[in-house]
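This report covers the fold, the core, the pocket and one lysine of a single chain.

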Amino acid sequence: MKIVSNTTPIISLASIGQLNIFLLIAKEKNIIKSTKPLLDEMISKGRWYSKTVYLQFLERAGEM
């Protein structure tokens, strides 16, 4: 079985450093309970966010 997917939205968000927006959508739709553990895992694997961006993200996700 072949699967074809339009990755343009993913590539576009990644190119401007906003790929994490998917975490917010997943939380809004109750797909995930918390974004913080996932955000922390991304950071531990080499993704860098300034402390300001990290805290703003958690605030926007309602986790502060």
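Helices here are DSSP runs of H or I with at least four residues, numbered from the N terminus. In this predicted model, α4 gives the most to the lining of the largest pocket, with four residues.

**Overall layout**

The chain has four helices and zero strands, and its elements run α-α-α-α from the N terminus on. Along the principal axes, the C-alpha atoms fill a box of roughly 40 × 25 × 20 Å. Of the 64 residues, 22% count as buried. Among contacts between residues at least 6 apart in sequence, 33% join residues at least 24 apart.

**Nonpolar core**

Ten residues form the largest nonpolar core: L23, L24, A26, I32, L39, Y49, Y54, F57, L58 and A61. Helices α2 (21–28) and α4 (51–60) each supply at least two residues of this core. In soluble globular proteins, nonpolar side chains tend to be buried together.

**Largest pocket**

The largest pocket has a volume of about 220 Å³. It is lined by 13 residues, and the closest to its centre are G17, Q18, N20, V53 and F57. The elements that give two or more residues to this lining are α2 and α4. F57 is named both in the largest nonpolar core and among the residues closest to the pocket centre. The lining divides by class as follows.

| Class in the lining of the largest pocket | Number of residues |
|---|---|
| Nonpolar | six residues |
| Polar | five residues |
| Charged | two residues |

Is G17, one of the residues closest to the pocket centre, buried, partly exposed or exposed? G17 has a relative accessible area of 26%; buried means under 20% and exposed over 50%, so G17 is partly exposed. G17 is placed in the loop between α1 (8–15) and α2. The C-alpha atoms of G17 and Y49 are separated by 9.5 Å, with the two residues 32 apart along the chain. Y49 is itself a member of the largest nonpolar core.

**K27 and A61**

K27 lies in helix α2. Which backbone oxygen does the side chain of K27 reach? The side chain reaches that of A61, at 2.7 Å. Leaving out residues up to four places away in sequence, K27 touches I32, K33, T35, A61, G62 and E63. Under the same exclusion of residues up to four places away, A61 touches L24, K27 and T35. T35 therefore appears in the contacts of K27 and in those of A61, with contact meaning heavy atoms within 4.5 Å. Of the residues that K27 touches, I32 and A61 are listed in the largest nonpolar core.

Note on methods. Residues are numbered from 1 along each chain as its sequence is written. This is a predicted model: local features need pLDDT of at least 70, side-chain atom pairs count only at pLDDT 80 or more; totals for chains, interfaces and linings use all residues. Side-chain values use heavy atoms; hydrogens and water are left out. A nonpolar core is a set of buried Ala, Val, Leu, Ile, Met, Phe, Trp, Tyr and Cys residues joined through side-chain atoms within 4.5 Å. Buried means under 20% relative accessible area, exposed over 50%, partly exposed in between (1.4 Å probe, protein chains only). On a 1 Å grid over the protein atoms alone, a cavity is a set of points where a 1.4 Å probe fits but cannot get out, and a pocket is an open set with protein on both sides within 12 Å along at least five of seven lines; lining residues have an atom within 4 Å of a point. Grid points are joined across faces, edges and corners, and a volume is the space filled by probe spheres set on the points. Ala, Val, Leu, Ile, Met, Phe, Trp, Tyr, Cys and Pro count as nonpolar, Asp, Glu, Lys and Arg as charged, and the others, Gly among them, as polar. A polar contact is a pair of N or O atoms within 3.5 Å; within protein, one must be able to donate a hydrogen and the other to accept it, and residues adjacent in sequence count only if both atoms are side-chain atoms.
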